[in-house]
Amino acid sequence: MPQLHRLGVWVEVRAVRGSTPREAGAWMSVGLSGLLAGTVGGGHLEFDAIAKAQAFLSELQKSSSVDPLPPFEHTYKLGPHLGQCCGGEVLLQFTPMPENELQQRVQQRLQNDKIPVTLFGAGHIGHALIAMGQRLPIHWWWIDSRDGVFPSGLESSVVCEHSTPVHDAVGDAVQGRHVLIMSFSHAEDFDILERILQKMSDGMKPLSIGLIGSATKWSSFKSRLMRKGYSEEQLAQVRCPVGLAGLRSKEPSVVALSVLAELFALNPLSGH
C-alpha cells in the first residue's frame, strides 16, 4: 500500500436525479487536511462528503492491508436533514489514490474543463473580456495585428499572438475552438470571418463563431459574403450581434459579461 500520509480521495458526482447543486462529472479532491481542489456543490452535501473522505483516510491509517483500495459510493438525498432543499439526489463516488496520481488527475481535469476560446481583437471589449475571463475556466488565444496592445501580467490561461495580417492566424487558432471576432475595424473583421469560412469549406471546424456588431453590420457582411458564393447554411453558423439578447448597455464591461455568459450557455461545463 502507498504511504498512508500520501493518500487522498477523488470524489466525483456519478449521477444526479432532480434538482442538484452540480452536474454529473463535477469533482473534488480531498486529503486528511480537508478539501484540496474542486467542488461538488458546496453546502452540507460537500461538508459531509469531505468528512466522509477524511474519515476513510483516517481508517486507512489503522489498516495494515496491502490490497488495492476500491472506490465506494454514497447517495445523498438533498432534503431538510442535510440542510438543503434542492429535493434531488446525488450519487458520489469516492476513489482513494496516491497523492501524486490525485494531483495529476486534478491538473488534467482543470485543463480539460476549460472552454477553448480564440479572441481576435484587443480593443476595449477584448480587454474587458480578458480582464473578466482570464480567471474563469477558459483557455484564451488572443490575437491582434497591432503592436503593444496586450497588457502585462496576464494569467497563464491567456496566450497572446501578434499576427500581421491578423487573418493569417486563422487555422490552429480556430480549429475546435469558440471564435470571437472583434478587431479594431470592420474591414479586418470581414477578412477574419471570410478566411474562417474559406477554411471551413476545406474541413476546419470551429465550435462556434461570434462577430461583434449590430444587425445592420451583419446584414452588410452577409450580403457581401453571399455575393462571394457563401450559402445561407454556411452563414447561419455566425452569431451577430454576439452576446445575450436584450441587454441595452454598450459599456465594454457589460458587453463582455454578456459574451462570457453566452459562451457558457453554448459550452456548459460538464466536469469531464
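Axes in this tour are lines fitted to C-alpha atoms, for helices over the stretch in contact, and angles run from 0 to 180 degrees between N-to-C directions. The model is predicted, so local features need pLDDT of at least 70 and side-chain atom pairs count only at pLDDT 80 or more, while totals for chains, interfaces and linings use all residues. Residues are numbered from 1 along each chain as its sequence is written, and side-chain values use heavy atoms, with hydrogens and water left out. Helices (H or I, at least four residues) and strands (E, at least two) are DSSP runs, numbered from the N terminus.

**Stop 1: helices α3 and α7**

Select helix α3 (residues 124-133) together with helix α7 (residues 252-266); the two pack at an angle of about 60 degrees, with their axes 8 Å apart. That angle makes α3 oblique to α7; angles under 35 degrees count as roughly parallel, over 145 as roughly antiparallel, 65 to 115 as roughly perpendicular and the rest as oblique. The crossing of α3 and α7 is right-handed. A crossing has that hand if the near helix is turned clockwise from the far one by less than a right angle, and is left-handed if anticlockwise.

For the interface, display H124, I125, A128, L129, M132 and G133 of α3, which meet P252, S253, V255, A256, L257, V259 and L260 of α7. Contact means heavy atoms within 4.5 Å.

Remaining on α7, select A261. With 33% relative accessibility, A261 counts as partly exposed; buried means under 20% relative accessible area, exposed over 50%, and partly exposed in between (1.4 Å probe, protein chains only). A distance drawn from the C-alpha atom of A261 to that of I181, 80 residues apart along the chain, gives 16 Å.

**Stop 2: helices α4 and α5**

Next, select α4 and α5, whose packing angle is about 50 degrees and whose axes are 11 Å apart. This pair is also oblique, and its crossing is right-handed. On the α4 side, show H186, D189, F190, L193, E194 and L197; these meet K217, W218, F221, R224 and L225 in α5.

Within α4, centre the view on E194. E194 is buried, at a relative accessible area of 14%. Beyond residues up to four places away in sequence, E194 touches L225, K228 and Y230.

R195 also belongs to helix α4, and it is partly exposed, with a relative accessible area of 23%. Leaving aside neighbours within four places in sequence, R195 is in contact with H167, D168 and V170. The C-alpha atoms of R195 and D168 are separated by 8.3 Å, although these residues stand 27 apart along the chain.

**Stop 3: aromatic rings**

How many aromatic pairs does the count come to? There are five, where rings of Phe, Tyr and Trp (its six-membered ring) pair if their centres lie within 6.5 Å, and planes under 30 degrees apart count as stacked, over 60 as edge-to-face and the rest as tilted. One of them is the stacked pair of F72 and F94, 4.8 Å centre to centre with 5 degrees between the planes. The pair links distant parts of the chain, with F72 in strand β4 (residues 72-77) and F94 in strand β5 (residues 89-98), 22 residues apart. F72 is partly exposed at 25% relative accessibility, whereas F94 is buried at 0%. Add F56 to the selection: ring pairs link F56, F72 and F94 into a cluster.

Now select F190 and F221, an edge-to-face pair at 5.2 Å centre to centre and 85 degrees between the planes. F190 lies in helix α4 (residues 186-201) and F221 in helix α5 (residues 215-227), so the pair ties together parts that are 31 residues apart in sequence. Both rings belong to buried residues, F190 at 2% relative accessibility and F221 at 3%.

Keep F190 in view and add R224, whose charged end sits over the ring of F190, 3.7 Å from its centre. A charge sits over a ring if NZ of Lys or CZ of Arg is within 6 Å of the ring centre and within 35 degrees of the ring normal. The charged end of R105 likewise sits over the ring of W10, 5.2 Å from its centre.

**Stop 4: cis peptide bonds**

Most peptide bonds are trans. Select T164 and P165, however, and the bond between them is cis, with omega near -5 degrees. P165 is placed in the loop between β8 (158-162) and β9 (178-181). Finally, select C240 and P241, joined by a cis peptide bond with omega of about 0 degrees; P241 is in the loop between β11 (238-239) and α7.
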